[in-house]
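This report covers the cysteines, a surface patch and the annotated spans of one protein chain. The sequence and the model are shown first.

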Amino acid sequence: MPPGFFLQGFSEFPHLQPFLFVLLLVVHLATLSGNLIVLVSVASVASRPPMLLFLCQLSAIELCYTLVVVPRCLADLARGQNRGSPISFVGCAVQMQMFVALGGAECFLLAAMAYDRYVAICHPLRYPVMMTPGLCGRMAISCCFGGLMVSLFLTVAIFQMPFCGSHLLIHFFCDVTALLHLACTRSYVEELPFLMACIVLLLVPSFLILTSYGAIVGALRRLHSSGGRRKAASTCASHLAVTLLHYGCATFMYARPKTSYAPKRDRTLALVYTNVTPLLYPLIYSFRNREVTTAIHRVLRLKGGGQSLVTG
């Protein structure tokens, strides 16, 4: 079996490691709590509209997404590694595959949510007929399956490459950019699988989202009531904010050639999009989506009521 890797993490900053540990732990616990609250609240709704079903899946993806990366990083910071943390070849491949699969599923899911908004605004009378529970379930499964297939293809392609030097990854997890930076590639041909994955995960869903919102903008312009336009637009605000955040980070991090990689800068940016953005998603949907806010309040009231009964 090929030799494993060393994750440098933040071992070159020994004095900052306790502070980083506490900061990441607080953010991680807040992320888990926020997404769990949204997940449980939405799951408790008896008759869920399609958008809430997709939101439930989004929260589940974010939970898994942060669990793939952050616990190991916290463990390394707690141990105070000074020379990096070893990770096996298979362990690194599994971590990268799961990270790409979850990120890819989220890309496809955001496109499915954009289509849901398109149908709700452009074809409101046909919405119950077009967005049936069966179709929504198939769309949700297809998003996960698509992310899984792309991640398997990309993982096999990258881990067939020869790796140079000391196998030291200047990163806190097995990210695609860190592995490509370490790979002994001499031409762009060897980077084609990564380019293809970017096209499938970023370009295709982006095109579908832009098409959906183009139709939505056209429908809103035909509305004569400013109140109706404002109400319809508000239903898209949360999804649009999350989409811009997700695709903005992903495009900046991955849609660029290997020559532009800067490992230490990319590591810092990865710290933000693996910790901060999953924390922001439930906040955005909680503040901007009335159905989610109502569901959360209902669950919190039930919990409060249950504690009162126990106390009484």
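Does cysteine 198 count as buried or exposed? With a relative accessibility of 13%, cysteine 198 counts as buried. The model is a predicted one, and the values below are computed from it.

**Cysteines**

The sulfur of cysteine 198 has its closest cysteine sulfur in cysteine 107, at 9.6 Å, which is too far for a bond. The cut-off for a disulfide is a sulfur pair within 2.5 Å. By this rule the model has 1 disulfide. The bond links cysteine 92 with cysteine 174, with an S to S distance of 2.0 Å. Cysteine 92 is part of helix α3 (residues 89-122), while cysteine 174 sits in the loop between β3 (168-169) and α6 (176-182), so the pair ties together parts of the chain that are 82 residues apart in sequence. The link is left-handed, with -125° about the S-S bond. Cysteine 92 and cysteine 174 are both buried.

Cysteine 64 takes part in no disulfide; the nearest cysteine sulfur belongs to cysteine 144 and is 9.2 Å away. Cysteine 64 is partly exposed, and its relative accessible area is 39%.

The sulfur distances are set out here.

| Cysteine | Cysteine with the nearest sulfur, or disulfide partner | S to S distance |
|---|---|---|
| cysteine 92 | cysteine 174 (disulfide) | 2.0 Å |
| cysteine 64 | cysteine 144 (nearest) | 9.2 Å |
| cysteine 198 | cysteine 107 (closest) | 9.6 Å |

**Nonpolar patch**

Which residues form a nonpolar patch on the surface? They are Phe153, Val189, Leu192, Leu195, Met196, Ile199, Val200, Leu203, Val204, Phe207 and Leu208, and together they have about 1000 Å² of accessible area. The most comes from helix α7 (residues 192-222), which gives 9 residues to the patch. Leucine 195 is located in helix α7. Its relative accessible area is 46%, and leucine 195 is therefore partly exposed.

**Annotated spans**

The UniProt record, an unreviewed entry, lists "transmembrane region" for residues 20-46, 52-75, 87-115, 135-156, 194-220, 232-255 and 267-287. Two of these spans can be described from the model. Residues 52-75 are 100% helix and 0% strand, with the end C-alpha atoms 34 Å apart. For residues 232-255 the figures are 96% helix and 0% strand, and the end C-alpha atoms lie 32 Å apart.

Methods:
Residues are numbered from 1 along each chain as its sequence is written. This is a predicted model: local features need pLDDT of at least 70, side-chain atom pairs count only at pLDDT 80 or more; totals for chains, interfaces and linings use all residues. Side-chain values use heavy atoms; hydrogens and water are left out. Helices (H or I, at least four residues) and strands (E, at least two) are DSSP runs, numbered from the N terminus. Buried means under 20% relative accessible area, exposed over 50%, partly exposed in between (1.4 Å probe, protein chains only). Patches are made of residues with over 30% relative accessible area and no salt bridge: like charges are joined within 9 Å, nonpolar side chains (Val, Leu, Ile, Met, Phe, Trp, Tyr) within 5 Å. Accessible areas come from the Shrake-Rupley method with a 1.4 Å probe; for residues, only the protein chains shown count as cover. A salt bridge is a side-chain nitrogen of Lys or Arg within 4 Å of a carboxyl oxygen of Asp or Glu. UniProt positions are given in the numbering used here, feature names are shortened, and annotations may be inferred rather than shown by experiment.
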